[in-house]
Amino acid sequence: MDFSWFQKLKHHVHNGRMPEAVSMVAEAERAAPGNVYVTLGRGYIAYFKYDYSEAMRLSAVAIEAARAAGDKVAESYALCSQADALMLLGNRDDSLAAANVALEVACAAGDKITESYALHSQADALLMLGRNEEALTAATGAAEAARAAGDKVAESYALRTQADALRMVNRYEESLAAANGAAEAARAAETKLAETNALRTQAEALRMLGRYEEALAAATGALEAARAAGNKLTESNALNSQAEALRMLGRYDEALAAATNALEAARATGNKLTETNALRVQVLVMSQLGLSADRDKVLARLAGLDPSLAQRLARVPLRPGWDPLVRRIIKAKAEREAEFNRILKQDPQPLALPDGFLGKFVVLRKWASYTTVDLMRDAPGAGGADTGTCGGGYFLWWDGWGLVIDPGLGFGKAFRSAGLVPRHVSAVVATHHHIDHTGDMLPVLTCIFEMNPGAMPAHQVDFVLSPGAFGAFAGVAAYVPGVRSVQLLRPNESINLNCGPNPVALQGVKAVHRDLTGRDDASIGLRINISSQDGTAVCSIGFSGDTRLVKESAELYKDVDLMVVHIGSIYEYDVGEGKEPWHLGFAGAVTLLEEIKKRSRPDWDPLVLVSEWGEELGPDRTKICEAIISAVELRVFPAELLQSVGLKPNRAEALCTAKDGKIADRWHTGTSGDIEYWCDGHDSLPKRNEASP
Ligand SMILES: [Zn+2]
Ligand SMILES: [Zn+2]
C-alpha cells in the first residue's frame, strides 16, 4: 500500500463510488494491518462521510505511523488531512498551523504532489482567516507544484482555490479564468468532486461579473457533478450557488426552492458553514418576496449559528424591488471595474512610426500653468469658454521603453487620447513642481498602484524627480507598489535607467524658475541620452523645462537631435535685459538656440519644438515660430497637443498629422484652430511653412 494506492482510493471517493472505496480499504487492512496509507484511506472515507472527529483521530494516528516509518510523503499528507478536518470543525488557526507543517515536510521530501496539496490546504486556511493576498500566493504556488508534478486533480484544486482568492481581492475576470482552468483540469482527471467545486467557483465569478444567466448554468453544472460525486456537502454548496443566481435573475420562487434544498443537504452533512450559507440565501430571497414571518423564523435559526450574520441580515430591506436595484448597481459596477482593469492590463502596442524610426516623442500638453490652474472658468455656468485647460506633458518612446515627462494637469486624458495605456510607462520624470508639470502625478501613481495589486510587482516604474518634485512626491511614490526606484536629479547630475533594450541617461540641466517650493533653484532642464548597448550615443533630446534664460545651460544641449524649448509667453521686458521673466520668452528662446548652435557641430540640424504656450498666444503661435525661424534658421515646429516627432539614430522628424507614418516638413493652422503637421502628400499647400500675413 503506497501513495498511488491512496490516489486510486481517492479517485473512487471523488466519483461517488464509496462502496468500492470502502472495500478497497477493508481488503488492504487484511493484507497490511496498520499500514500508514490504509490509515490515511480510513480517515479519508471518514472525512467524506462527514465524520470530522474520526477523520481528525485517524490523521493523528497516521502522522505518528508516518513519522515512525520515516515516510515524509505520508506524513505531509496526514498533516493536510488534519488541516482539512480542523477547517471543517471551524478551527482555522490550528488548521493553518497543520498546513504549514505539512508544507515543511513536503518540501523536505521533495515531492511536488504533496507540496501542492500542502500549499492548497494552507491557501484554504488563509482564505478562511481573511488573509486573501497570502492565500493567493499559496494557491498560485500550489498550482505551479501540481503542474510540475503533472497531477491534474491537485491542479484543479489549486486553481479553484486561486479563483476563490482572486474573487476575494475583487479580480473577477482573473478569478473566472482560474475557475475555467480548474474545471478543465477536473475534467481531464475525470474527477466529479473537483469538477463540482470548480464549476461552483466559476458560478460565483460569473455572478460577481453580473453574468447571471451563465452563473446559473455553471451552478446547475456544479449540482449535476456534485450528485454524480455522491457528495452532500458540495451538493449543498452547488444548490446555494444556484439559489444566488436565481435570486439575481429575479426568479425568487425557484431561488427559495433551491435554498431550501441546500439547507436539507447541508443538514445531512452536519456542516455548520454550509447550513449558515443556505439560511443566508433563504433570508435574502424571503426579504425580496416580503415574507416577513418566514424570514423572522429563519433569522432566529441563523442567530444560533452565526449571530453577527443574523444581525446584519436583519437590516436587509424587507421589500420587493430591492433586489433588481441591487442587481443593476452590481452589474454596472462590475462593468466599470472590468473596463478599468482592461485598460490597466492592456498590452502596450508599438507606436506607429515611419520605416527606420525607433522612437517617438509625443506632445501631450497645450497651455501653460496659469491656464491650467484656472479650472473654475470652464465650469458649466461660469460664463467662460471651454479652452481645454490641458497642461499635460510629454511621452518619449524608444524601442519598447516609455518615459513620461512632466505629467501635468490633463496629462491622463491626453495620454489616453494618444492611444497609450499605463503599461507603456517604464519611467516618469518631473522637472519642477507646477500644476502643468505635476498636476496628474497622483493619477499616474494610482495607475501604477492598481497595476500591482499582488505581493509580486507586475509592472515596475522608475521615478526621477527634480528637487521641487522630489519634495512633493518622493514620500508617496516610495510606498506605491510597482514603483521600483525614486531618484533625485539635480543640475549637472546624471541618472542611468538601464531597464529597456537601450541604456538611457537623464542629465539634470540648470534652470531658474520659481516653483511651488518658493525657490528658483528647485527646477531642472533635461538632456536625455539614449545609447546602444556598447555605449555609443544613438539619440539625444534636450528639454529646457520652464526656466529663464541660463546661457551656460546651452553647453549641455549641444548636438541634440530634438530640442524642446518652453517659451511661456511674450513679455513686455522680453529683450533679455532688466527684470527677467520666469520663462524663456521670445528673446530667451532665440538666445538659447543661438548659444546651443554656437557650441554644436557645424552641420547641426535639430528639430526644435517650441512649447508651453501661454493661452493668450492662441493662433499667434505660428507667427512666433516664423519669427524664431528667421532668427535661428533651424527646423522649428510649434508643439501642439497630440502632435508627435519620430526619432531614429541621430535624427528627429516631425510626423504628419493626417497620414500615418509620413514625415512632415511644414505646419499649418487647421480649421479647428489647432496646429497640424503636414507632409509632401498635402499638395494643396505651399511648400514652406505657412507665411505670416
Ligand atoms: Zn510650465
Ligand atoms: Zn513652471
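A residue is called exposed when its relative accessible area is over 50%, and buried when that value is under 20%. Keep those cut-offs in mind as we walk through this structure, which is a predicted model.

Let's start with Glu184, found in helix α10, residues 172–188. Its relative accessible area is 57%, so Glu184 counts as exposed. If you look for Arg267, 83 residues away from Glu184 along the chain, you will find the two C-alpha atoms separated by 30 Å.

Now turn to the zinc ion (ligand 2). Which protein atoms serve as its donors? They are NE2 of His432, ND1 of His434, NE2 of His513 and OD of Asp546, at 2.2 to 2.3 Å from the metal. Along the chain, these donors of the zinc ion (ligand 2) are spaced as H-x1-H-x78-H-x32-D. The angles among the four donor atoms run from 89 to 168°, and the site is irregular. A tetrahedral label would need every angle to lie between 85 and 135 degrees, so the 168° value rules it out.

Asp546 has a second role to notice: it bridges the zinc ion (ligand 2) and the zinc ion (ligand 1), with 3.4 Å between the two ions. Together, His434 and Asp546 link distant parts of the chain, 112 residues apart. His434 sits in the loop between β4 (427–430) and α21 (435–438), while Asp546 sits in the loop between β10 (537–543) and β11 (562–568).

Are these two donors buried or exposed? His434 has a relative accessible area of 15%, so it is buried. Asp546 is buried too, because its relative accessible area is 0%.

How values were computed: Residues numbered from 1 in each chain as written. Chains lettered and ligands numbered in written order. Predicted model: local features only at pLDDT ≥ 70, side-chain atom pairs only at ≥ 80, totals over all residues. Heavy atoms only, no water. Donors = N, O, S within 2.8 Å, 3.2 Å for Na, K, Ca; no water. Tetrahedral: all angles 85-135°; square planar, octahedral: opposite > 155°, others 65-115°. Helix = DSSP H or I, 4+ residues; strand = E, 2+ residues; numbered from the N terminus. Buried < 20%, exposed > 50% of the residue type's maximum accessible area, 1.4 Å probe, protein only.
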